[in-house]
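Me: Please take a close look at a single part of this protein, one helix together with what surrounds it, and set it in the context of the chain. I would like one connected answer.

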Amino acid sequence: MNLQPADKFTYEQLTDAYNETRVDYMVPMPMNVARLMEYCRVYDVSLEHSCVAVEGDVALGLGMLGVRQGRGWITRLGVLPAGRRKGTGGALMSCLLKGAQNESLEMMWLEVIKGNKPAHQLFLKFGFKQTRELIVARRAPKAQLKEAVFDKVKRITTLNHEDAIILLSHREERPNWLNETESQQNVRNLSALLVELKNGGRGWVTYHAGLLQLTRLIVEVTIGDPTEVTETILTVLHQRHKRQDSIAENLSEDAKWLGFQKVGYFDSFRRIEMNRPL
Ligand SMILES: CC(C)(COP(=O)(O)OP(=O)(O)OC[C@H]1O[C@@H](n2cnc3c(N)ncnc32)[C@H](O)[C@@H]1OP(=O)(O)O)[C@@H](O)C(=O)NCCC(=O)NCCS
């Protein structure tokens, strides 16, 4: 087995390799070429610093490295089911960490799905420690929204992509890599709603509205009760986008999450965020 930089491979080869390593994955997430290219662009994945483990002409596994201002992010790591427990996952981790060291990165980040013991053990072995648990939540479209919530609204302001980025860059809470302003900036056509409540509460949501789905939802409450303001903002949002289902990734389990649940979001699965200094 030898390790090669991922930029020696085409996106077609990387997509095939990724899908092969995930055939038995606990949360199925197959990729196609366009989606992998988009993923690498949005999350600043450097193929030069990403690694593919090869034996003969077979890709045994791969791991990718996102790079941003002193920080690295390990993602898409996987080994073919038949090739596991032979040191390949560990070799890929060492390769990614070496690449990160060469770039003088100071802190490494990653997420692992809660309950994925092999990967969790692997990351512990490489010195990663849990920082927090994050919720991936989903919501089906609903025809009926709570009328009483609309009575709380004083003013709604619709904002464009540039305004959304300004709001995101002023967040209080530390965002996860997926939700960082750098990621959101790389997404085209974000929308935002600023919602003011009659009781003085205030907050906003930024999101991407696709034809069938709302994604990249981020809510911030600037004034007022986090649960009430979140519920109100999301009720306003879903009244405007009645047909789409929604995904909100990497939420913290806090008072805002209660607001999400009140409008019909449910816990799909959880990720454990981990980091280690280099
Ligand atoms: C996680 C994964 C990449 C590990 O690859 P691997 O080639 O089997 O790993 P290695 O043989 O190098 O093992 C390295 C360490 O990982 C941990 N590990 C790997 N498989 C494990 C298992 N089944 N149970 C417990 N620990 C395990 C151990 O700490 C092991 O060290 P040890 O051999 O000294 O005990 C592989 O299981 C995989 O591809 N899983 C599916 C995709 C996935 O979960 N990716 C991670 C997404 S965050």
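Reply: Helices and strands are here DSSP runs, numbered from the N terminus, with at least four residues for a helix and at least two for a strand. The model is a predicted one, and every statement below should be read in that light.

The part to look at is helix α3, which covers residues 88-102. At 1.5 Å a residue, its 15 residues should span 21 Å, and because its end C-alpha atoms are 21 Å apart, the model agrees with that expectation. Within α3, the buried residues are T88, G89, L92, M93, C95, L96, L97, G99 and A100. The cover over these buried residues includes the strands β1 (2-5), β2 (45-55), β3 (58-68), β4 and β5 (107-113), together with the helix α4 (117-125). Just after α3, S104 adopts a positive phi of about 60°.

Of the covering elements, strand β4 runs over residues 71-79 and contains R76. R76 counts as buried because it has 23 C-beta neighbours inside 10 Å, where 20 or more are needed. Leaving aside residues up to four places away in sequence, R76 touches Y18, L62, G63 and M64. For one of these partners, L62, the separation from R76 is 14 residues in sequence and 7.3 Å in space, taken from C-alpha to C-alpha.

The ligand brings α3 and β4 into view again. A shell of 21 residues surrounds the ligand, and the closest of them are R84, G89, G90, P118 and L122. The elements that give two or more residues to this shell are β4, α3 and α4, and the largest share, six residues, comes from α4. By class, the shell is made up of seven nonpolar, eight polar and six charged residues. G89 thus appears both among the buried residues of α3 and among the closest residues to the ligand.

As for the wider setting, the domain assignment of the protein gives domain 1 (2-105) and domain 2 (137-274). The centres of the two domains, taken over C-alpha atoms, are separated by 31 Å. Eight residues from domain 1 and six residues from domain 2 take part in the contact. On the side of domain 1 that touches domain 2, α2 (33-42) and β3 each supply at least two residues, and by class that side has four nonpolar, one polar and three charged residues. Strand β3 therefore has a place in two parts of this account, since what covers the buried residues of α3 includes β3, and β3 also supplies residues to the side of domain 1 that touches domain 2.

Conventions. Residues are numbered from 1 along each chain as its sequence is written. This is a predicted model: local features need pLDDT of at least 70, side-chain atom pairs count only at pLDDT 80 or more; totals for chains, interfaces and linings use all residues. A residue is buried if 20 or more other C-beta atoms lie within 10 Å of its own, exposed if 12 or fewer, and partly exposed in between; C-beta atoms are placed from the backbone. Two residues are in contact if their C-beta atoms, placed from the backbone, lie within 7 Å. The expected span of a helix is 1.5 Å times one less than its number of residues. Domain bounds come from an automatic or database domain assignment. Ala, Val, Leu, Ile, Met, Phe, Trp, Tyr, Cys and Pro count as nonpolar, Asp, Glu, Lys and Arg as charged, and the others, Gly among them, as polar. A residue is near a molecule or strand if its C-beta atom, placed from the backbone, lies within 6 Å of it.
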